[in-house]
Amino acid sequence: MTAKIAYDDVEVGTELPAQTFPVTRATLVRYAGASGDFNPIHWNEKFAKEVGLPDVIAHGMFTMAEAVRVVTDWTGDPGAVVEYGVRFTKPVVVPNDDEGALIEVSGKVAAKLDDNSVRVDLTATSGGQKVLGMSRAVVRLA
């Protein structure tokens, strides 16, 4: 696969299509099974509250992965992401109801780099709070 976005067609300030990702307790159970991360803060409300959390929280790596989907969907090629990092600033709290939580993600091209690459800065929020800080991806475009 190669990126569907051409480097010459992108400018600093180009906004990526924003996306919203729903997260339910069932989502967390499936992610725990796939990742092997069965920490009870991600599925046991009683335990999460006993350790000082407001409720069950989403896995940090899950949140990080959902956020970068804005970039991979934009480029059309997950392999175009050559570097990605975040700081976890707030947890995504997932209530035990039919709706769960939402992770809202937007992105913007912050810099054009060498080798047909750009840096995309992402903003990820849930419940009105920023959940990822310094969320940046370097992407090689066509």
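Colleague: Let me begin with V139: does V139 count as buried or exposed, and why?

Modeller: This is a predicted model, and every statement that follows is a reading of that model. A residue is called buried when its relative accessible area is under 20%; V139 has 0% relative accessibility, and therefore it counts as buried. As for its place in the fold, V139 lies in strand β5, which covers residues 129-140.

Colleague: Which residues is V139 in contact with, once its neighbours within four places in sequence are left aside?

Modeller: With those neighbours left aside, V139 is in contact with V71, T75, A80, V81, V82, N116, S117, V118 and V120. Two of these names can be placed directly in the fold, since helix α3 spans residues 60-75 and V71 and T75 are both in contact with V139. For a contrasting kind of relation, one may take G13, which is 126 residues away from V139 in sequence and 15 Å away in space, from C-alpha to C-alpha.

Colleague: Before going further into β5, how many helices and strands are there in the protein, and in what order do the elements run from the N terminus on?

Modeller: The protein has three helices and five strands, and from the N terminus on they follow the order β-α-α-α-β-β-β-β. The C-alpha atoms fill a box of roughly 50 × 30 × 25 Å along the principal axes, and 40% of the 142 residues are buried. If one takes the contacts with a separation of 6 or more, 68% of them are accounted for by residues 24 or more positions apart. The accessible surface comes to about 7,600 Å², and carbon and sulfur atoms hold 51% of that area.

Colleague: In what order do the five strands form the open sheet?

Modeller: The order in the sheet is β1-β3-β4-β5-β2, with antiparallel pairing. At the edges are β1 (15-23) and β2 (81-88), each of which pairs on one side only. From one strand to the next the twist averages 20 degrees. Helix α3 packs on this sheet and touches β1, β2, β3, β4 and β5, while its direction makes about 145 degrees with that of β1.

Colleague: How many bridges join β1 to β3, and how many join β3 to β4?

Modeller: Seven bridges join the antiparallel strands β1 and β3, and one pair to look for is L16 with its bridge partner G107 in β3. Between β3 and β4, which also run antiparallel, there are eight bridges, and here K112 stands opposite V118 in β4. The next pair, β4 and β5, is antiparallel over nine bridges, with K130 in β5 as the bridge partner of T125.

Colleague: What should I look for where the chain turns between β3 and β4?

Modeller: These two strands form a hairpin with four residues between them, and D115 in the turn has a positive phi of about 60 degrees, although D115 is not a glycine. With a relative accessible area of 52%, D115 is exposed, because that class takes values over 50%. In the hairpin of β4 and β5 there are two residues between the strands, and there G127 takes a positive phi near 60 degrees.

Colleague: Where is M134 placed, and what is its phi?

Modeller: M134 has its place in strand β5, and its phi is positive, at about 50 degrees, although M134 is not a glycine. Its relative accessible area of 45% makes it partly exposed. K130 is likewise a residue of strand β5 and is partly exposed, with a relative accessible area of 45%. Not counting residues up to four places away in sequence, K130 touches T89, K90, A124 and T125, whereas K108, at 22 residues in sequence, is 16 Å away from K130 between C-alpha atoms.

Colleague: Finally, turning to the surface, which residues make the nonpolar patch?

Modeller: V29, F38 and W43 make a nonpolar surface patch of about 340 Å². Of these, V29 is found in helix α1, residues 25-35, and V29 counts as exposed because its relative accessibility is 52%. Set beside V139, which is buried at 0% relative accessibility, V29 shows how a valine reads when it is exposed.

Terms used: Residues numbered from 1 in each chain as written. Predicted model: local features only at pLDDT ≥ 70, side-chain atom pairs only at ≥ 80, totals over all residues. Heavy atoms only, no water. Buried < 20%, exposed > 50% of the residue type's maximum accessible area, 1.4 Å probe, protein only. Contact = heavy atoms within 4.5 Å. Patch = residues over 30% accessible without salt bridge, like charges linked within 9 Å, V, L, I, M, F, W, Y side chains within 5 Å. Areas by Shrake-Rupley, 256 points an atom, 1.4 Å probe, with all protein chains shown as cover. Salt bridge = Lys/Arg side-chain N within 4 Å of Asp/Glu carboxyl O. Pairing = 2+ DSSP bridges. Axes fitted to C-alpha atoms, helices over the stretch in contact; angles between N-to-C directions.
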